[in-house]
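I opened my notebook for a structure I had not looked at before. Here is the thing itself.

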Amino acid sequence: MSTTRRTTVVALAVAAGLTALAACGSGGGGKSTDPKTVTLVSHDSFNASKSVLEEFTKQTGYKVNVLKGGDAGKAVNQAILSKENPQGDVFFGIDNTLLSRGLKAGIFSPYQAKGLESVPEELQLDKAEHRVTPVDYGDTCVNYDRAYFAEHKIAPPRTFDDLLKPEYKGLLVTENSATSSPGLAFQLGTIAKYGESGWQDYWKKLKANGVEVVDGWEQAYNERFSGSAAGKGKGDKPLVVSYASSPPVEVLGKKPEPKEAPTGVATGTCFRQTEFAGLLKGAGNEKGGKALLDFLLSKKFQEDVPLQMFVNPARTDAKVPELFTKYGEKIDKPGTVAPEVITENREKWIKQWSSLVLK
């Protein structure tokens, strides 16, 4: 999951009290020289409750400075480019679609965070060396605007194949695979579905059916998607690549709560993402960085994750809020591609996708 803004949290933050990070140093200008500050470098989707970050300060004495760097792909690339002089102490937001890029570049130092015994082994993709720690997971899926399909008396799509049907022509917006984590995950979902021999033909057909491509999640969801509360219905695309856990945020703060979220999930279009954090090699505050990694895996932080970043906590013993489970979609059989296969083929697949779709 990473991005990638997978929710409309920004628009609802004031009402719901979600993003009071400034008091904890969010939005700082880079690596801090204060030994009592630990800098977390991340994508734009990172959010945590003010009280949770204050608890970290209370426990450790360290304040958290959050440095956000755009969508996940952009943030990872910047971390690689700046590896000789890292921007901070910990990087959060590299996922299984981009993990090998960061590991190959050598941007992380090994550290085995406390609490890993409560994380399923299938999420621990670097278990042998512990260069990264799994923090959360989610499923990238096509979301749909229920009101649009009800008004037009069209059943919403459910599968990848459905998206090729004429009734959905020109309705879908997705993110660029080369610049966006959910965009790449959606591409990988089609590869999981149609295989090496069939995914390119699928994208040719999807392009012919009018798919729109934008740079990142924020633009796709908040500007182009008609079902986004943050976009106030100004978008004209009733289908968007987002997350199975995006619908709960469209309900957040609404009184009374509706029977169902105003957006739905095409459950046959999903791909599983796991998101990691790691200690940056050359970190100025290595001790503080290790303490922060431990905290990211603590139950306190893990139980804050669902309604802050709208993804599932990595720990199996973390409690998940009712709003998240009631309005989110549980995906039992998401598409997957083995990490080693992604590593071997990712750059080739992205180039092939770009040549097919962007030209």
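My entries on one helix, one strand and one aspartate follow.

**Ground rules.** This is a predicted model, where local features need pLDDT of at least 70, side-chain atom pairs count only at pLDDT 80 or more, and totals for chains, interfaces and linings use all residues. I number residues from 1 along each chain as its sequence is written, and side-chain values use heavy atoms, with hydrogens and water left out.

**Helix H3.** I looked up H3 (residues 72-81; helices are DSSP runs of H or I, at least four residues, and strands are runs of E, at least two, numbered from the N terminus). Ala72, Gly73, Ala75, Val76 and Ala79 are buried there (buried is under 20% relative accessible area, exposed over 50%, partly exposed in between, with a 1.4 Å probe and protein chains only). They sit on the same side of H3 because they cover an arc of only 165° around the axis (taken from the directions from the helix axis to the C-beta atoms). On the face turned away from that buried side I found Lys74 and Leu81, both exposed. The cover over the buried residues includes strands S1 (37-42) and S3 (90-95).

**Strand S3.** Six of the six residues of S3 are buried, so the rest of the structure largely encloses this strand. S1 and S3 run parallel, joined by three bridges (pairing takes at least two DSSP bridges). Valine 41 has phenylalanine 91 as its bridge partner in S3.

**Aspartate 145.** I found this residue in strand S5 (residues 133-145). The side chains of aspartate 145 and serine 226 are joined by a polar contact of 2.7 Å (N or O atoms within 3.5 Å; within protein, one must be able to donate a hydrogen and the other to accept it, and residues adjacent in sequence count only if both atoms are side-chain atoms).

Definitions and conventions:
Contact = heavy atoms within 4.5 Å.
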